[in-house]
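Q: Could you take me through one part of this model in some detail? I'd like to follow it from a single residue out to whatever lies around it.

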Amino acid sequence: MIQAPRGTSDVLPDEAARRELLEAHVKRILGAAGYERIETPVFEDTELFSRGVGEATDIVQKEMYTFTDAGGRSLTLRPEGTAPVCRAYIEHGMHKLAQPVKLWYLSSFFRAEAPQRGRYREFWQVGAEAIGASEPETDAELIALLAELLGAVGVRGTRLHISSLGNPETRAEYREELKAYLHAHEVELSEEVRSRIDLNPLRAFDSTDPRTREAMKDAPKLLDCLSGEDAAHFEAVRTLLDDAGMTYELDPTLVRGLDYYTRTVYEFKSSELGAQSTVGGGGRYDRLMERLEGPPTPASGWAAGVERMLLAAGELPTPPSLTDLYVAVAKPGGGPTAFQLAREARRAGLRAQLELAGRSLKGQLKHADRLGARYVAIIGDGASTSLKNMESGEQRELSTPEVIPTILRGSRLS
Ligand code: HAM
């Protein structure tokens with residue numbers, strides 16, 4: 001039997017209804033702040049991610065679905081949305097528009113990770129990007145918007161972690177300092193961390209190995225080495241959050257899995273999620289545009305996992321699906337009349353369904369009841385139809401053209 005590939009899942013109607021609610025919150029909250037929707041292709045040139053996300057990241061090193069197409073091009077299923085949005089910004093000359101360009105997306109992404117609760121190979125993200133915005137207010141506003149979205153969706157037990165990564169030059173100096181520290185403590189580090197000291201020393205802070213974690217407690221922290229301007233920017237973001245009454249944890253070891261960040265970085269974690277506790281995260285990426293050969297453009301943004309948000313939200317009420325009219329057929333030749341009546345009812349703004357499974361009349365009435373239909377029209381032999389009000393139980397014979405006006409009048413009365 002063929003099954004959905006490992007790490008993927010079907011979105012069945014109940015789940016789809018919850019996602020529609022989530023999407024409505026996204027549109028309302030981000031729309032009110034002037035963000036507009038963008039969608040980019042599901043696959044891109046592999047180079048976009050190796051350059052954008054960064055050669056040394058786990059994503060690029062081992063998690064990308066990469067294939068060669070018939071023309072010999074290397075393509076990759078998008079593992080994230082920020083590099084594609086920047087590519088689109090450059091490709092469409094959006095730097096000529098009034099800045100910042102504020103965009104959001106709700107799309108599927110692909111990472112070849114070991115599947116577990118909250119971690120999938122195909123997953124969905126809501127993302128927001130403010131491109132051409134250098135002010136600390138941008139970062140604070142984005143954080144507040146993500147907090148508002150998580151609140152609206154009902155995500156429980158959230159904690160905000162923030163930090164600053166400064167600029168690449170400071171970071172290069174800091175990297176050397178950290179590498180020296182890691183080499184001096186090699187015996188205390190896990191094999192994995194030790195093998196990556198020179199490639200990606202920052203990831204040592206991410207390790208779950210107890211001895212490594214212990215050794216990292218006294219490691220030098222980037223937050224203590226920021227340049228004056230970067231420190232001032234971070235201070236301004238923090239003051240804005242403080243003034244807005246937002247609580248957060250200053251987390252100097254916060255490491256994001258993508259290489260493009262500068263200055264502010266943050267993550268929202270939820271206590272409802274177990275090991276994969278990050279519901280959403282992001283930060284500023286002032287140098288990414290240049291890495292993609294675009295004009296130097298400061299930018300900031302975040303993405304939140306749809307599956308994780310819904311997991312951490314627990315049960316959401318799914319809106320009942322409502323039917324105004326169920327068109328049943330009493331006698332075999334009634335099909336065409338029923339078909340017409342259902343179409344006309346929909347044109348008149350009613351939610352109307354038609355018998356499609358060849359049930360007996362009794363079966364049809366039972367099905368209409370199951371659907372919660374307010375009315376059932378039972379088509380007789382041509383001109384006459386019996387209309388039943390399912391709430392009151394009352395039933396009337398009338399001519400078929402009278403059915404829709406009668407229902408519309410009825411719904412106005414109730
Ligand atoms: P990210 O932290 O890699 O950031 O992903 C953002 C969110 O996507 C995570 O917090 C998590 O909720 C969800 N997520 C990531 N991987 C998986 C997975 N395998 N299964 C389920 N959910 C997952 C980014 O992708 C950046 N592009 C965010 C950003 C936007 N930074 C600036 N702008």
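Where in the structure is the place of R263?

A: R263 has its place in strand β9. Strands here are DSSP runs of E with at least two residues, helices are DSSP runs of H or I with at least four, and both are numbered from the N terminus.

A word on the ground rules before we go on. This is a predicted model, in which local features need pLDDT of at least 70, side-chain atom pairs count only at pLDDT 80 or more, and totals for chains, interfaces and linings use all residues. Residues are numbered from 1 along each chain as its sequence is written, and side-chain values use heavy atoms, with hydrogens and water left out.

Back to R263. Its relative accessible area is 17%, so R263 is buried; buried means under 20%, exposed over 50% and partly exposed in between, with a 1.4 Å probe and protein chains only. The backbone is worth a look too: R263 has a phi near 55°, a positive value in a residue other than glycine.

Strand β9 covers residues 262-270, and K269 is found in it as well. With a relative accessibility of 18%, K269 counts as buried. Its side chain makes a polar contact of 3.3 Å with the side chain of T278. A polar contact is a pair of N or O atoms within 3.5 Å; within protein, one must be able to donate a hydrogen and the other to accept it, and residues adjacent in sequence count only if both atoms are side-chain atoms. Leaving out residues up to four places away in sequence, K269 touches G157, T158, R159, H161, S277, T278 and V279, where contact means heavy atoms within 4.5 Å.

T278 brings us to the ligand, since a polar backbone atom of T278 is 3.1 Å from one of the ligand's oxygen atoms. The protein covers 96% of the 660 Å² of accessible area that the ligand has on its own; such areas come from the Shrake-Rupley method with a 1.4 Å probe, and for residues only the protein chains shown count as cover. Elsewhere around the ligand, a polar side-chain atom of R256 lies 2.9 Å from a ligand oxygen, and a backbone N or O atom of W302 lies 3.4 Å from a ligand nitrogen.

There are 26 residues around the ligand, and E80, E113, Y120, E129 and Y261 come nearest; a residue is near a molecule or strand if one of its heavy atoms lies within 4 Å of it. This shell divides into 9 nonpolar, 10 polar and 7 charged residues. For that count, Ala, Val, Leu, Ile, Met, Phe, Trp, Tyr, Cys and Pro are nonpolar, Asp, Glu, Lys and Arg are charged, and the others, Gly among them, are polar. β6 (122-131), β10 (278-284) and β11 (299-305) each supply at least two residues of the shell, and β10 gives the most, with 6.

Next, follow β6 past its end. A133 has its place in the loop between β6 and α5, and it counts as buried at 7% relative accessibility. Setting aside neighbours within four places in sequence, A133 is in contact with P100, T138, R284, P298 and A299. A133 and S300 are 167 residues apart in sequence, yet their C-alpha atoms are 7.3 Å apart in space.

One of those contacts, P100, is found in the loop between α4 (82-91) and β5. The peptide bond that joins Q99 and P100 is cis, with omega about -5°.

On the way into β11 you will meet E293, in the loop between α10 (288-291) and β11. E293 has a relative accessible area of 64% and is exposed, whereas R263, at 17%, is buried. Phi of E293 is near 65°, again a positive value in a residue other than glycine.

Finally, β6 and β11 are among the elements that cover the buried residues of α1, together with β1 (36-37), β5 (101-110), α5 (136-153) and α11 (306-313). Those buried residues are A17, R18, R19, L22, E23, V26, I29 and L30. Just after α1, G34 takes a positive phi of about 85°.
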